[in-house]
Amino acid sequence: MKKILILLMLAGISSTVVAKDVAEYKQERLIAKILNQQVKKHRTIQSSVHAILSRYPEKVDVVMAVALKRYPEEYRQIMLGALSAQPVLACDVIENAIKAKVAPSSELVEIAITAEPAYAQEIVNTAVQFNPTEIENIVRVAIRTEPYDSSNIVNNTVSSYPSKMLNILTAAITALPEQATNIVKDILALFPNEADTVVEAAVQQSSDSHNNGIVNAAIDSGFDRDSAIAAAVAGGAKKETLVTLNN
């Protein structure tokens, strides 16, 4: 009797899985048909995606998957169509674009943030989640694209990925070299015990004109003055140039 019940349960599970697969297949075919019809009527893929998701936002995954598969070279227009229809779907849009591997993640992030800067942090979080090896490029491009949100992007990303702190620091300073001092302060507020590493790396990534500011930022954050100078020198600064340091 138990064997019969188990077999019936397995049969039920199998039929449910098959039914789900069939339903998804039918959805994909329907979306593909609609897109083809729209394109044949000389509507752009951007406006077609916009029209579908304006009406059916819950279909974002299947719409993005089908559109990117059929028109991979139009990934920018597909993303813009989806984002203009439903900005709140920014994370879904960037996730599907990254999974489709139609372009480097950093480029996709730039497209998404440019279109919807209010969702910059969420876009970065999603992009890094699905492509963590590109974290430095993703953060650098995100900050360049939306510099007014750089502090939040740096702080939130480094808090989520503390092991990538130096990568994020490098990306941030490379993107906004004139903000090196503030970036160092933000990083040290989260990693006060890594001051020597942070100062050395920051100096390595910055021009000589920012060295004093970096060292002062470390001192203001509670780092010992002599240790800050030593870390800066280790990063390539000339000790005699550090002339306007805080006491």
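Which residues in H3 meet which residues in H5? Figure 3 gives the answer, after two legends on the chain and on helix H6.

**Figure 1. The protein chain of the predicted model, seen as a whole.** The secondary structure of the protein chain comes to 14 helices and 0 strands. Read from the N terminus, the elements therefore appear as α-α-α-α-α-α-α-α-α-α-α-α-α-α. The chain has 247 residues, of which 43% count as buried. About 13,300 Å² of the protein chain is exposed, and carbon and sulfur atoms supply 52% of that area. When contacts between residues at least 6 apart in sequence are taken, 67% of them join residues at least 24 apart.

**Figure 2. Helix H6 and the helices that cover its buried residues.** In H6, the buried residues are Ser105, Ser106, Leu108, Val109, Ile111, Ala112 and Ile113. Their cover includes helix H4 (75–85), helix H5 (90–100), helix H7 (120–130) and helix H8 (135–145). Ser105 belongs to this helix, which spans residues 105–115. Ser105 has a relative accessible area of 5% and so counts as buried, the cut-off being under 20%. Apart from neighbours within four places in sequence, the contacts of Ser105 are Ile98, Asn131 and Ile138.

**Figure 3. The packing of helix H3 against helix H5.** Helix H3 covers residues 60–70. The axes of H3 and H5 are 10 Å apart, and the two helices pack at an angle of about 35 degrees. Their crossing is right-handed. On the H3 side, the residues in contact are Val60, Asp61, Met64 and Leu68; on the H5 side they meet Asp92, Val93, Asn96, Ala97 and Ala100. By class, the residues of this contact divide into 6 nonpolar, 1 polar and 2 charged.

**Figure 4. Gln86 in the loop between H4 and H5.** Is Gln86 buried or exposed? Gln86 has a relative accessible area of 19%, and since buried means under 20%, Gln86 is therefore classed as buried. Setting aside neighbours within four places in sequence, Gln86 is in contact with Leu53, Ser54 and Pro57.

**Figure 5. The packing of helix H11 against helix H12.** Helix H11 runs over residues 180–190 and helix H12 over residues 195–205. Their axes come within 10 Å and cross at roughly 160 degrees. Why are H11 and H12 described as roughly antiparallel? Angles over 145 degrees count as roughly antiparallel, so H11 and H12 fall in that class. The crossing of H11 and H12 is right-handed. Val184, Ile187 and Leu188 are the residues that H11 brings to the contact, and Ala195, Val198 and Ala202 are their partners in H12. The residues of this contact divide into 6 nonpolar, no polar and no charged.

**Figure 6. Asn211 in helix H13 and its surroundings.** Helix H13 is made up of residues 211–220, and Asn211 lies in it. With a relative accessible area of 2%, Asn211 is buried. Which residues are in contact with Asn211, leaving aside its neighbours within four places in sequence? They are Val203, Ala237 and Leu242. A further residue to locate in this view is Val233, 22 residues from Asn211 along the chain. The C-alpha atoms of Asn211 and Val233 are separated by 9.5 Å.

Key
Residues numbered from 1 in each chain as written. Predicted model: local features only at pLDDT ≥ 70, side-chain atom pairs only at ≥ 80, totals over all residues. Heavy atoms only, no water. Axes fitted to C-alpha atoms, helices over the stretch in contact; angles between N-to-C directions. Helix = DSSP H or I, 4+ residues; strand = E, 2+ residues; numbered from the N terminus. Parallel < 35°, antiparallel > 145°, perpendicular 65-115°, else oblique. Left-handed = near helix turned anticlockwise from the far one by under 90°. Contact = heavy atoms within 4.5 Å. Nonpolar A, V, L, I, M, F, W, Y, C, P; charged D, E, K, R; others polar. Buried < 20%, exposed > 50% of the residue type's maximum accessible area, 1.4 Å probe, protein only. Areas by Shrake-Rupley, 256 points an atom, 1.4 Å probe, with all protein chains shown as cover.
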